[in-house]
Amino acid sequence: MEGAVRPNSHMASPTPSATSPAGSAGGVAGGESIMVCARVRPFLSDEKKKRAVPCWRTAGNTVAGFPDGLAAAAGGSGEARRDHAFTFDHVFDEHASTEDVYEAMCEHVLADVMGGKNGTVFAFGVTSSGKTFTMKGVPAQPGFLPMAIADIFSHIQHTPEREFLIRCSYLEIYNEQLHDLLSPSSTNLRVLEDRRRGVYVEGLKEAVVVSADQAMALLASGEAFRKVGRTHFNDASSRSHTLFSVVVESKPPRSGDAAASSPSRAQSVRVSHLNLIDLAGSEKVADDPTRRKEGKFINQSLLTLGTVIAILSERAALASKRRKGAASPPAHIPYRNSKLTRVLQNSLMGNAKISVVLTLNPSAAIFEESLNTLKFGKRAKAVEVAPNVNLVTDETTLLRKYENEIEQLKSKLREFESGVRGMSADSGTG
């Protein structure tokens, strides 16, 4: 396989873990925390012309309310007059590049995905706070998606001791309906669940890719069908959530001895999923009927995501109390209340490394919305996960199916060549 190499990539080695699947209903006691960062974007030219007042400032890994900005945001609100400071794994100011954020928040996830663990990365924030800029980027400053794709194929180039098979899908959630962006005629898809695959989208197209360029072409073709529209904050605002998924299968090369025997643990296939998610932003009710309907579904799904994260963080706290002798029944987790949380259920249940980028518009005009974003991040930081290496020892993986087909074709070719030689020998003796 060939692929582009990101110039300054120094992807870390995957972290070790057990190989058994996580079995909890959500969150994992004693695991690792979700990684969370805050990214404050610079003011846009129009905002500068209107003399927008900054509301947030950064210091180290803390983002805090800027006194003058809080005063401007108060407008009689007691909430805005309080001190607000949030500390996360990383905090990035307006001077940070997307590559800086990627190296801190996504590289380690990708390294684990290439080692067989699941990973999920998403940006969370209000409309026009920089989510799509962070996840997809622009030609002059690529986002997480193109950098991750480049790093996947760079890793493959530098790992000759394993065979890889990569396949991609691109899903859109628009007005609580699932659409396949790689197969635009496939709309209103269903979410199903079984014991082997967990939660999955029925009929979602997965395309095998052999290079970064091919994966980027798929991304571009799907992007052409994504729903966007003009809003109060943005001329081309994302009106849907999108989930670009990469399935990575890998195994050691099959030796002659291994081919003759049943698959062993050494020959098992690692199968991992990387989910790169661009969420639509929450926003206030619009006057336009179409925007109002879209906003209703967007806000509903983000509210459900917030509720799920809140319950998972409470579960982590309860687990800690139970270890100290205090017991309390866990709350029901409403994954099914929105398509977004339903599709993300496998990751949120604990068997995935998760990174969340909180994107902030610095303006005091949307102080309350940004504060809610930071509160979401604080709750997410309390959630624990325990990603495991996913090993498949049967013949269900695509890599194993292709390998078996090749072996069958080779066998048929040998039989054909043997028959030709026999015919030649018979004609020679005659």
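A residue counts as buried when its relative accessible area is under 20%, and by that rule 50% of the 430 residues of this chain are buried. The model on your screen is a predicted one, and this tour moves through it stop by stop.

**The whole chain**

Begin with everything selected and shown as a cartoon, where you can look for the 14 helices and 21 strands of the chain. If you then switch on a surface, you will see what the chain exposes, about 20400 Å², of which carbon and sulfur atoms supply 53%. Among the contacts in the chain with a separation of 6 or more, 76% are between residues 24 or more positions apart.

**Helix α4 against helix α7**

Next, select residues 98–105, which form helix α4, together with residues 144–157, which form helix α7. Two packed helices are described by the angle between their axes and the distance between the axes. For α4 and α7 the angle is about 55 degrees and the axes are 10 Å apart, which makes α4 oblique to α7, and the crossing of the two is right-handed. Now show side chains for T98, E99, V101, Y102 and M105 on α4, and for F144, M147, A148 and D151 on α7, since these are the residues that make the contact. Sorted by kind, the residues of this contact are six nonpolar, one polar and two charged.

**Helix α7 against helix α8**

Keep α7 selected and add residues 212–223, which are helix α8. Here the helices pack at an angle of about 150 degrees, with axes 9 Å apart. Angles over 145 degrees count as roughly antiparallel, so α7 is described as roughly antiparallel to α8. The crossing of α7 and α8 is, once more, right-handed. To see where they meet, display L145, P146, I149, A150 and F153 in α7 and A212, A215, M216 and L219 in α8. What kinds of residue make up the contact of α7 with α8? The contact of α7 with α8 has nine nonpolar residues, no polar and no charged ones.

**Helix α5**

Move now to residues 107–114, helix α5, where seven of the eight residues are buried, so that this helix is largely enclosed by the rest of the structure. Colour E107, V109, L110, A111, D112, V113 and M114 to pick out the buried residues of α5. Following α5 you will come to G116, whose phi is positive, near 110 degrees.

**N175, in a loop**

Select N175, which is found in the loop between β10 (163–174) and β11 (177–180). Is N175 buried or exposed? N175 is buried, because its relative accessible area is 17% and the cut-off for buried is under 20%. Apart from residues up to four places away in sequence, N175 touches K293, E294 and F297, which you can add to the selection.

**N275, in a strand**

For the last stop, select N275 in strand β18, which covers residues 269–278. N275 also counts as buried, with a relative accessibility of 12%. Draw a distance from the C-alpha of N275 to that of L243, and you will join two residues that are 32 apart in sequence and 6.3 Å apart in space. L243 is one of the contacts of N275, and if neighbours within four places in sequence are left aside, the others are G119, T120, V121, F244, S245 and S347.

Methods. Residues numbered from 1 in each chain as written. Predicted model: local features only at pLDDT ≥ 70, side-chain atom pairs only at ≥ 80, totals over all residues. Heavy atoms only, no water. Axes fitted to C-alpha atoms, helices over the stretch in contact; angles between N-to-C directions. Helix = DSSP H or I, 4+ residues; strand = E, 2+ residues; numbered from the N terminus. Parallel < 35°, antiparallel > 145°, perpendicular 65-115°, else oblique. Left-handed = near helix turned anticlockwise from the far one by under 90°. Contact = heavy atoms within 4.5 Å. Nonpolar A, V, L, I, M, F, W, Y, C, P; charged D, E, K, R; others polar. Buried < 20%, exposed > 50% of the residue type's maximum accessible area, 1.4 Å probe, protein only. Areas by Shrake-Rupley, 256 points an atom, 1.4 Å probe, with all protein chains shown as cover.
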